[in-house]
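Biologist: Mind if I quiz you on this model? I'd like to hear the reasoning behind the labels.

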Amino acid sequence: LQHLIEFYNQGQLHLCLVATNQFLGDFPNSVFLHNIQGTVNARLQQFDAAIDSYQKAIKIKPDYADAYNNLGNVLRDKGDLEGAIESFQRAIKIKPTNADYYNNVGIAMREKGDLKGAIDSFQKIMRIKPDYADAYNNMGNAFRDQGNLKGAIDSYQKAIKIKPHYADAYNNLGNVLRD
């Protein structure tokens, strides 16, 4: 398994996929291997194969929150925002204190145009992980899209305060102040 991680970290995705498939021949019920297979397929933009891998992991272990989260990311990349939101929400039900899951559902809701839902999701993160700079930046984007420039500015400034070298937050803040 260490070789799989090394292949993945070195960007040797095809080797990682071949090795993962070989291991799955011996360990077909390994949720870890199905998750790796899905992640590699997602990075290779083989979205249907990635979805299939994550669904296999979930079928084996229905409470595997990371697989639901990863499935949501692939569905979002594929343009299925409804499916992505549903998958992220399932991950949240399993692990309600995981800030990353709330961030992902907030991003998908914003992309779908549900700005209130996105902001609500980002605000939930603040109660779980108040130093999550990405969530403040993403909330700023949702406020900006909503036309709430004060909320956007405050959010970007909080992101920068937490993460002083956060280029995206500085860029977003500059764009709002310029407009």
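Biologist: Which hand does the crossing of α9 and α11 have?

Modeller: The crossing of α9 and α11 is left-handed. Bear in mind that this is a predicted model.

Biologist: And why are α9 and α11 called roughly parallel to each other?

Modeller: Look at the axes: helix α9 (residues 133–146) and helix α11 (residues 167–178) cross at roughly 20 degrees. Angles under 35 degrees count as roughly parallel, so α9 and α11 get that label. Their axes also come within 10 Å.

Biologist: What makes the contact between them, residue by residue?

Modeller: On α9 you have N137, N141 and R144, and these meet D168, A169, N172 and V176 of α11. A contact here means heavy atoms within 4.5 Å.

Biologist: How do the residues of that contact divide into nonpolar, polar and charged?

Modeller: The contact of α9 with α11 has two nonpolar, three polar and two charged residues. Ala and Val count as nonpolar, Asp and Arg as charged, so A169 and V176 make up the nonpolar part, while R144 and D168 are the charged ones.

Biologist: Zooming out, how many helices and strands are there in the protein chain?

Modeller: Eleven helices and zero strands, so reading along the sequence you just get α-α-α-α-α-α-α-α-α-α-α.

Biologist: What share of the protein chain counts as buried?

Modeller: With buried meaning under 20% relative accessible area, 47% of the 179 residues make the cut. The protein chain exposes about 9,600 Å², with carbon and sulfur atoms supplying 50% of that.

Key: Residues numbered from 1 in each chain as written. Predicted model: local features only at pLDDT ≥ 70, side-chain atom pairs only at ≥ 80, totals over all residues. Heavy atoms only, no water. Axes fitted to C-alpha atoms, helices over the stretch in contact; angles between N-to-C directions. Helix = DSSP H or I, 4+ residues; strand = E, 2+ residues; numbered from the N terminus. Parallel < 35°, antiparallel > 145°, perpendicular 65-115°, else oblique. Left-handed = near helix turned anticlockwise from the far one by under 90°. Buried < 20%, exposed > 50% of the residue type's maximum accessible area, 1.4 Å probe, protein only. Areas by Shrake-Rupley, 256 points an atom, 1.4 Å probe, with all protein chains shown as cover.
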